[in-house]
Amino acid sequence: MAKHEHVREPLFHIAKRDTPAWWRAWGIRAIALVLALVVSGLVAFLLTGENPLKLYATMLEGAFGTSRRVWGLMQNLAMLLCVSVAVTPAFKMRFWNIGAEGQVLIGGLAAAACMILLGDSIPHGLLLLTVTVASIAAGALWALIPAVFRAKWQTNETLFTLMMNYIAIQLVSFFTYRFSVPKGSGQVGVINRATHAGWMPTLGKYDYLLNILIVLAVTVMMAVYLKHSKHGYELAVVGESESTARYIGIDVKKVIIRTMLISGAVCGIAGLLLVSGTDHTISRDTAAGRGFTAIMVSWLAKFDPVAMILTSFLIVFLEKGATEISTAFGLNDSFSEIITGIIIFFIIGCEFFIRYTVRFRRREGKSA
Amino acid sequence: MANTDAPALRLEHITKRFGSVIANDDISMTVQHGQILSVLGENGSGKTTLMNMIAGIYYPDGGKIFVDGKEAVIRSPHDAFQYQIGMIHQHFKLVDLFTATENIILGLEDDGRYSLKKANQRVKEIVSQYGFRLDPEKKVYEMSVSEKQTVEIVKVLYRGADILILDEPTAVLTPQETDRLFAVLRKMRSEGKSIIIITHKLHEVLSLSDQVTVLCKGRYAGTVNTAETDEAQLTEMMVGRKVTLNIERSEPKDTVPRLTVEGLTVRSREGTDLLRNVSFEARSGEILGIAGIAGSGQRELLEAIAGLLRAEGKIVYHDPKTGKEENLRGRDPLEIRELGVRLSFVPEDRLGMGLVGNMDITDNMMLRSYRKGRGFFLERKAPKSLAEKIVSELEVVTPGVSTPVRRLSGGNVQKVLVGREIAAAPTVLMAAYPVRGLDINSSFTIYNLLNQQKERGVAVIFVGEDLDVLLELCDRIMVISSGAVSGIVDARAASKEQIGLLMTKNTASEGGAADGKA
Amino acid sequence: MILAGFLQRAIMQGIPLLYGSTGEIITEKSGNLNLGIPGIMYVGGIGGVIGAFLYEQHAGAELNPFLAVMIPLLCSMAGSLLMGLIYSFLTVSLRANQNVTGLALTTFGVGFGNFFGGSLVRLAGSDVPSISLGRTSNYFRTSLPIADRLGWFGQIFLSHSFLAYAAIVIALLTSLILAKTRVGLHLRAVGENPATADAAGISVGKYKYFATCIGSVIAGLGGLYYVMDYANGVWSNDGFGDRGWLAIALVIFAVWRPNLSILGSILFGGLYIVHNYIPGLDVSGQELFKMLPYLVTILFLVAISMRRKREAQPPAHLGLPYFREER
């Protein structure tokens, strides 16, 4: 043997872990969440000088303090969940649909337009049906455009859907001025305030109950669709390997287009619920960034619609809690976005420790 | 070149293991300055592994390497360059969007001021010095395969290599391109460079090299001077003694034509022939073996029959029930299925094509059958019991049927795939390299399955690489060479040498192209 | 004269986009699709604001011109560098999904900007009513004195501040580096075919880290220019708007070439404000006009994918992770 054979071994070595036990995976995620909360508490403490425990209490208060707040939380959760569920089939197919924001807005715009233009001219029941169909169709159409180009010409869908968002936003801006009341105010105001034409009915005295139930139904249906339908199976195969899909005779283009139609249609439902079921108005902020947040929610839940109830709850809870902190301590309400960002960084980061193990270089012992 | 008396490169007792497999077992060999040495051997004989140790891709477990008489420690491709050794791999590593020169200088840090102009100039010099044909400013994506190979060779020369290793350089070339390459290699030899060329084409060995080192099943089988040998001797050294495997082979019964292929031609996107005018017949109750050097068109043949590749010619299926004949060419896999053709296909790429790695065994069972039934929803009961049946009957080692197949070992993955394809009750079963990477026991499971299918009257097409297996398992063997059929032989009567010669037969020269050898 | 005014405004609108797109081009050339650019530009802007605010508070009546520029500049660069580090650490070291990481970064960055924009005064315990950094802004906006004397030519080309010219210089320099240097060659190889680059001995991870961080710092300067020059040192929440996304659109439009991005940024800046110059256009029509840059980008994206010209495609490995296979 040569005398000095210094093998330059790297400092550490990364190895892929076999799928870890569920308790291990969730344990790592829980640790990440706790760490993230500690860091957020620290940030909040530095900014406010308050006792961190009091800050956490304030967060809980903000989310669950009154029944009104709980309903608000549930409503927000439902809306975020709806959009997250919508983008999921596309992601499972490895189609990066980051155009949910636009698809939701266009769905909402279609709903608002029907409510304004058809107003009292047709019976309320028929109007509600028209509103529903129009918003779903509009959302689907908005998703169809990038899907067709991706299927036929391999046009980069991430960039395409991203750009479609801003076209949708500007279209909504255009129509808000057109529809604005009073003219030129730039605000649509509550549509059909007196007649409630095109409004979704309320169940009993609970304003948001119907929305929540619809979203729950959509979530369950999507979970079943992805797991138990032939379509869901096909899109999963396409996402995993296009050559396997061709090997068993799946028409890849058809699946891409069909899946995006469904993704867009569910975004349309979210738009419908926001406009006809909640706000009864439209503005460029109607989707409120949910199209982007939903991508993170869906990804964090590993594209499992049921797990998304949990992840969207986490995000909405943070938003509400952090908003309460900012009002209670006189901070700007963007504080919640900072906290959300920090927590997501931690959760994204921790996935690495679930999938890989890191082995540090063992100290060379004094081997004989 | 400090010491011209010492050989340019000497290997002594090189051994390399991968797990329990010994890829190279105590191999010694020598290359002189100004010499072309062929390293000859069948697929899997350890040629590439041995060369990778000289090029710094692997590090030997035992033995020593000497360059110019001095011991060399080669731990990385970078180290290899320090010793002026360069290797041209079979799979090119090039950036498509870059020009030839940009690829050639990629990664070079110690080359003075960065100047593409100067680099282009130097590339041009090398090109004209050795008689290559290459435009330094042409982009790689516009290049033919042989031009890409030229880029790889010039890349090595640009770095000043004195010892060049080429891994099956002619596998992707036309005869004319091969002749041109050989002329260049001879030129290099005359300038004192040492060249090692890995190949299993005998005529090339004889026309080009000074000496031949033969490997057989990971061991050194001898070195001979080219001038003193012939094809028969080399073949014998290469295939070794006949190994008895004891695969039970029954006599074919009631054979009728099941699949008739006529004049099948497949072209690559660049327009070169991948398959040329292939005609044969696959009969029921018989295993038809397909032998050939890797990449001779085996994969294209099966994919064309399965409806995955566009082809010319005829693929006629004879339906055993109705007696009808259907031309399958130009139909996709789904259309073929809808015709009632029960064609099963075990592709070479198991996890990339045959199975979905991230899905569990049950869901992989459904790949073939999920369309069954009118309903909108999947039916998982039948696939699940099929999965359980395959796991128990083929002794698949797995925690359960809901384990992703990606996590199974190679042999178990293959059992799942073959099990599924057989469960479809095929009338034609095609299997490409079904035992590649499998241990002995799993291999025999697969052979037995194929034999059972044959006895049930299925027409089995088996693409294999081990000639011993082909000879013991199959009834007839079709040999293809460079995309064309070079012979169909009776497996019971043929010898390994006979098939070896057919595999290396230069079928292209029959088409009228000039052979380089005088 | 209207035209000169229009061009001058178009350039001013274009400069933040140019910074953003140059930064994103460098990042994308390494194969990282950083959708955090909008957030990074916010952080770059607010970083400068924080630096300037603290310095103005501290220095009192007399500002040292050099420090008044350098402090905000360094604060801005430090902020966006940190953002780039977060992105690189998550996507390169921890192998996280690029799109999700980028979007989280944008959420964080926009929130960060708006939070400090709204709370800085209170947090610093100051008694000024709102952030207005007119004095610092004046130093940033210093332009060539001869601009006024050269009529329309001066107005279009010479009336800008040093950050505007720096944007153009950086873009040209980036083009030069990408096309004409070894570092540029290696960077492009990493984005096109990391496996080949790796085999050639190029450290893929190092290139990705450096490209992403340098790109972030450059993009952050766009935010700084916006606050200090365009907005005269007045921070307003969400004032920066969707310019970050527009910068990403500009990358496509410039087919990943910073020198084309200079012209593209002026065009986009022009499209962004052209509605102000069209007589008889009502507010709703203006909104319709604002979608032009995005529409143009989509048409462009479709055109390049249909033409399949190799040089005009995104880097082949854009958005995909690269890890050397374990043996």
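In this predicted model, 43 residues of chain A are in contact with 44 residues of chain C. On the chain A side, five elements each put in at least two residues: β1 (12-16), α5 (124-153), α6 (157-179), α11 (290-300) and α13 (335-355). The top contributor is α6(A), with twelve residues. As for chemistry, the side of chain A that touches chain C splits into 25 nonpolar, 14 polar and four charged residues.

Now for chain C itself. Its tally is 14 helices and zero strands, so to speak an α-only pattern from one end of the sequence to the other. How does its radius of gyration sit against that of a compact globule? For 327 residues the globule rule puts the value near 20 Å, and chain C comes out at 20 Å, which agrees. Along the principal axes, the C-alpha trace spans about 65 × 45 × 40 Å. Buried residues account for 55% of the 327 residues. Take the contacts in chain C between residues at least 6 apart in sequence, and 79% of them join residues at least 24 apart.

One helix of chain C, α7 (residues 162-180), is worth a stop. With 19 residues at 1.5 Å a residue, α7(C) should span 27 Å; the end C-alpha atoms are 26 Å apart, which agrees. Which residues of α7(C) are buried? They are C:Leu163, C:Ala164, C:Ala167, C:Ile168, C:Ala171, C:Thr174, C:Ser175 and C:Leu178. Looking down the axis of α7(C), these buried residues fall within an arc of 155°, so they line one face of the helix. What do they pack against? The partners, in chain C as well, are α1 (2-29), α5 (134-140), α8 (182-192), α10 (204-230) and α12 (258-273).

Next, the nonpolar interior. In soluble globular proteins, nonpolar side chains tend to end up buried together. Here the largest nonpolar core holds 369 residues, and the members touching the most other members are A:Cys82, A:Val83, A:Ala270 and B:Phe462. The element with the largest share of this core is α10(C), at 15 residues. Zooming in on A:Ala270, and skipping residues up to four places away in sequence, its contacts are A:Met79, A:Cys82, A:Val83, A:Ala86, A:Val104 and A:Gly107.

Chain B offers two strand residues to put side by side. B:Ile163 belongs to β7 (residues 163-167), while B:Phe66 belongs to β4 (residues 62-67). Are they buried or exposed? B:Ile163 has 23 other C-beta atoms within 10 Å, and since 20 or more is the mark for buried, it counts as buried. B:Phe66 has 16 C-beta neighbours inside 10 Å, so it lands in the partly exposed class.

Each of the two also has a partner some way off along the chain:

| Residue | Partner | Separation along chain | C-alpha distance |
|---|---|---|---|
| B:Ile163 | B:Gln35 | 128 residues | 9.8 Å |
| B:Phe66 | B:Leu11 | 55 residues | 6.4 Å |

Leaving out neighbours within four places in sequence, B:Ile163 is in contact with B:Ala8, B:Leu9, B:Gln84, B:Ile85 and B:Ser194. On the same terms, B:Phe66 touches B:Arg10, B:Glu71 and B:Ala72.

Notes:
Residues are numbered from 1 along each chain as its sequence is written. Chains are lettered from A and ligands numbered from 1 in the order in which they are written. This is a predicted model: local features need pLDDT of at least 70, side-chain atom pairs count only at pLDDT 80 or more; totals for chains, interfaces and linings use all residues. Helices (H or I, at least four residues) and strands (E, at least two) are DSSP runs, numbered from the N terminus. The expected span of a helix is 1.5 Å times one less than its number of residues. A residue is buried if 20 or more other C-beta atoms lie within 10 Å of its own, exposed if 12 or fewer, and partly exposed in between; C-beta atoms are placed from the backbone. The arc is that of the directions from the helix axis to the C-beta atoms. Two residues are in contact if their C-beta atoms, placed from the backbone, lie within 7 Å. Ala, Val, Leu, Ile, Met, Phe, Trp, Tyr, Cys and Pro count as nonpolar, Asp, Glu, Lys and Arg as charged, and the others, Gly among them, as polar. A nonpolar core is a set of buried Ala, Val, Leu, Ile, Met, Phe, Trp, Tyr and Cys residues joined through C-beta atoms within 7 Å. The radius of gyration is taken over C-alpha atoms; the globule rule is 2.2 Å times the number of residues to the power 0.38.
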